[in-house]
Amino acid sequence: MTEQTQINRRYFLEAEQIASRLPAFFEHRNLKPFFTNLFLFQDLGMTILIAVLDTARIGDHAQYIQDDLLHQLKTELGGRSMYLSNTTGIRYVILLTALPKLPRSIELPNDIPHGMVSLGMRFNGQLITLTWSKLGHLLIVGMTGSGKSSLLRSLAIQATRNEI
Amino acid sequence: MPDMVFIILCFLLVACTASPQQAVTYTRTPDPLQPYVDANSSQGTAVAAIATADYFSNQLTATVEARNHAAAQQAIWTQRAMDITATADIASVQAFATQQYSKARTEELSLKRKELMNNVAAIVPWAMLVITFISLAIFFKRWTRVRVIQRDPRGDAPLLLDVVDSVAYDADRNPTSTAGLQREDLKQLPQFSASDHTQTTARDQMVDIATRGLPGTNQRKGISNQLREEKLLGDGAMPKIEAIDSISARPLFKDVLPYIVQDSIDAEIISEEEGS
């Protein structure tokens, strides 16, 4: 519950508003609004609400994962970014904040462990690192200005540091 | 003698061969006076002829003169008629010019009137629209600020919800007897304390408790049930929102994480393209 105190109350209010609109949205389309959980959390710089459907009670699952339904729900929620997670169960992942922005440039850290190579950084600021042996053959593809040369340069610098 | 006889015979013979002559007609001996009579008659005839000729000559002369006279008279009357016609034409032209001027003036005034009406017709609708809009704006502003609160049968005033500022107003909890927005004297009412407000709230709650069960309760329940049916109040179907940490949440949405990243990259590219 420590995370709960860290989430701004404004996001709780937004999540409650969204939750209050979900039943009417589904009933209007003759679908049963049976939800088991509503999770609110922050990760990767985003505040996310996940509405978990009770798949045991809703009956035909296909109607709940149609693209049209998702598009309509996205419109109903004011164009918020929304995704469907249905690998295990059916969950509607609703972003309460804007999509995370990619950093313009990432400074190559000096504290990369020996024998490791860094390829970039995740949204949450964590480095993407792997061992040189796992790197293997590398194919770098991208548009002009997307950073192919910078990546090669960083690999060269890291290889020099590791005396490879 | 024989000769004589011969000659006589010849005469007889000739007489025998000759055709019988017709009977002799006798002509009248001309009258000696007849020439004179004839001459006199011829003279009379001549005189008559001359007279006849004179008559016809005179007749011809008279005819010519009459024709000439008639032509002259006709010329005179034609000239007079032309003079009269010319005079009439001048008068009619003047009258026509006057009529045309009158018409032109009328048309000019009509055109000016139409121009004025055109301007009026062009401006009035917009003016009416602006006036209507301003009036509606004023009425709407007044309506949003000042409204008569309709109490329910229990005498309780419903909450007024200001969704813009997220403010709920309960008229029964107004601690002052008078309230206003514009009058200066009303704004000079004494400030009420937190204690006053608490006491007002307590009184309102006591009134609510005392009136509970009186007529109007069923109506409230009906409205509540109706709202429940419409799922506006919720019937407990929606679970409570639960805050979880990111580690617990990651399995719930890790399958959509690549899509989120992809959308972020797309949004970045689009913003760069729009920026360039």
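Student: What percentage of the 164 residues of chain A count as buried?

Tutor: In this predicted model, 20% of the 164 residues of chain A count as buried. A residue receives that label if 20 or more other C-beta atoms lie within 10 Å of its own. In chain B, buried residues make up 2% of the 276 residues.

Student: Why is Phe192(B) called partly exposed?

Tutor: Phe192(B) has 13 other C-beta atoms within 10 Å. A residue with 12 or fewer would be exposed and one with 20 or more would be buried, so a value in between is called partly exposed. The count of 13 therefore makes Phe192(B) partly exposed.

Student: Where is Phe192(B) placed, and which residues does Phe192(B) touch?

Tutor: Phe192(B) is in the loop between helix H3 (184-187) and helix H4 (194-211) of chain B. Leaving aside residues up to four places away in sequence, Phe192(B) touches Pro175(B), Thr176(B) and His197(B).

Student: How far apart are Phe192(B) and Asn174(B) in sequence and in space?

Tutor: They are 18 residues apart in sequence, with 9.9 Å from C-alpha to C-alpha.

Student: What makes S3(A) and S4(A) a strand pair?

Tutor: Two strands pair if there are at least two bridges between them. S3(A) and S4(A) have four bridges in the antiparallel sense, so the criterion is met. One of the bridges links Tyr83(A) to Val93(A) in S4(A).

Student: How do you know that S1(A) pairs with a strand of chain B?

Tutor: Three bridges join S1(A) to strand S3 (residues 241-243) of chain B, and the two run parallel. Since at least two are required, three bridges suffice, and therefore S1(A) and S3(B) pair. Phe39(A) has Glu242(B) as its bridge partner in S3(B).

Student: Why is one side of S3 of chain A, and of S3 of chain B, left without a neighbour in the sheet?

Tutor: The open sheet has five strands in the order S3(A)-S4(A)-S2(A)-S1(A)-S3(B), with mixed pairing. S3 of chain A and S3 of chain B stand at the edges, each with a single partner strand, so one side of each has no neighbour in the sheet. From one strand to the next, the twist averages 25°.

Student: What makes up the largest nonpolar core?

Tutor: A nonpolar core is built from buried residues of kinds including Leu, Ile and Val, joined through C-beta atoms within 7 Å. The largest such core has 31 residues, and among those with the most contacts inside it are Leu38(A), Ile48(A) and Val93(A). H2, S1, S2, S3 and S4 of chain A, together with helix H6 (246-253) of chain B, each give two or more residues to this core. S2(A) gives the most, with six residues. In soluble globular proteins, nonpolar side chains tend to be buried together.

Student: Which residues does Ile48(A) touch, and how does H6(B) lie?

Tutor: Beyond four places in sequence, Ile48(A) touches residues including Phe41(A), Val93(A), Ile94(A) and Phe253(B). H6(B) lies across S1, S2, S3 and S4 of chain A and runs at about 120° to S1(A).

Student: How many residues of each chain are in contact with the other?

Tutor: There are 35 residues of chain A in contact with 24 residues of chain B. The side of chain A that touches chain B divides into 21 nonpolar, eight polar and six charged residues.

Methods: Residues are numbered from 1 along each chain as its sequence is written. Chains are lettered from A and ligands numbered from 1 in the order in which they are written. This is a predicted model: local features need pLDDT of at least 70, side-chain atom pairs count only at pLDDT 80 or more; totals for chains, interfaces and linings use all residues. Two residues are in contact if their C-beta atoms, placed from the backbone, lie within 7 Å. Ala, Val, Leu, Ile, Met, Phe, Trp, Tyr, Cys and Pro count as nonpolar, Asp, Glu, Lys and Arg as charged, and the others, Gly among them, as polar. Axes are lines fitted to C-alpha atoms, for helices over the stretch in contact, and angles run from 0 to 180 degrees between N-to-C directions.
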